[in-house]
Amino acid sequence: MNTIIEPPRPEPIRFDTKIAVLLRADLEPWQRLNVTSFLVSGLGTQLPEVIGEPYEDADGVPYLPMFRQPVMVFEATKETLATAHTRALSRALPRAVFTSDLFTTGNDRDNRAAVRAVPTADLDLAGLAVHGPRNAVDKVVKGARMHP
């Protein structure tokens, strides 16, 4: 009788940083998906360390690289989202914002103009993405709950 010896399993990978997306709880499902996709695209462009290696399937077909770590998605009230934004600013964490005004624009130029037209304290946030040390990001999203 042959005994099969399985190779040791690699230890789980733990990251010292965290990527979090915080969505306003009253968004429609299509808005949640739209906001999330826009927000995370901002992190990947400015933080190359969050991007992993390219993918390739068994036939050698290449695919684009993606984040190297999970993205945690949370939801919160408008007030909690505003507080999270203030916390992210005070900690100088890399962040991306999506305001309600962006649902009415159709391109990057108009999106940037819509955000630029509103003072920080008056931004009508629909979503926020942050990256940073795990404990700092946890403090930013405190009061939010995991997206269902």
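Start by selecting A92, which at 61% relative accessibility counts as exposed. The model is predicted. A92 sits in the loop between α2 and β5. Check its backbone: phi of A92 is near 55°, a positive value in a residue other than glycine. Most residues other than glycine have a negative phi.

**The sheet**

From that loop, move to the strands. Five of them form an open sheet, and its order is β5-β6-β1-β4-β7, with mixed pairing. Colour β5 (95-99) and β7 (145-146) to mark the edge strands, each of which pairs on one side only.

Next select residues 17-24, strand β1, together with residues 125-133, strand β6. These two strands pair in the antiparallel sense, over seven bridges. Which residue of β6 stands opposite V21? Show the side chains and look at A129, which is the residue facing V21.

Keep V21 on display and add V71, which lies in strand β4. Along the chain V71 and V21 are 50 residues apart, yet their C-alpha atoms are separated by 7.2 Å. Apart from neighbours within four places in sequence, V71 is in contact with I19, V21 and V40. V71 has a relative accessible area of 28%, and so is partly exposed.

**Helix α2**

Now select residues 78-90, helix α2. This helix lies across β1, β4 (71-76), β5 and β6. Relative to β6, α2 runs at about 35°.

**Helix α1**

Select residues 29-46 for helix α1. To check its length, place a distance between its end C-alpha atoms: they are 27 Å apart, which agrees with the 26 Å that 18 residues should span at 1.5 Å a residue.

Then pick out Q31, R32, V35, T36, L39, V40 and L43, which are buried residues of α1. Turn the view to look down the axis of α1: the buried residues fall within an arc of 145°, so they line one face of the helix. An α-helix has 3.6 residues a turn, so residues three or four places apart point the same way.

What covers the buried residues of α1? The cover includes β1, β4, β5 and β6. Rotate to the face turned away from the buried side of α1, and the exposed residues W30, L33 and T45 come into view.

**The aromatic rings**

Stay with W30, which is exposed at a relative accessible area of 51%. How many aromatic pairs does the structure hold? There are three. One of them joins W30 and F103: the ring centres are 5.7 Å apart and the planes stand at 70°, so the pair is edge-to-face, since planes over 60 degrees apart count as such. This pair links distant parts of the chain, with W30 in helix α1 and F103 in the loop between β5 and α3 (108-116), 73 residues apart.

Select F103 itself, which counts as partly exposed at 22% relative accessibility. F103 also forms an aromatic pair with F98; this one is tilted, at 5.1 Å centre to centre and 50° between the planes. Is F98 buried or exposed? F98 is buried, with a relative accessible area of 3%.

To finish, show W30, F38, F98 and F103 at once: ring pairs link these residues into a cluster.

Key
Residues numbered from 1 in each chain as written. Predicted model: local features only at pLDDT ≥ 70, side-chain atom pairs only at ≥ 80, totals over all residues. Heavy atoms only, no water. Pairing = 2+ DSSP bridges. Helix = DSSP H or I, 4+ residues; strand = E, 2+ residues; numbered from the N terminus. Contact = heavy atoms within 4.5 Å. Axes fitted to C-alpha atoms, helices over the stretch in contact; angles between N-to-C directions. Phe/Tyr/Trp six-rings, centres within 6.5 Å; stacked < 30°, edge-to-face > 60°. Buried < 20%, exposed > 50% of the residue type's maximum accessible area, 1.4 Å probe, protein only. Expected span 1.5 Å × (residues − 1). Arc of directions from axis to C-beta.
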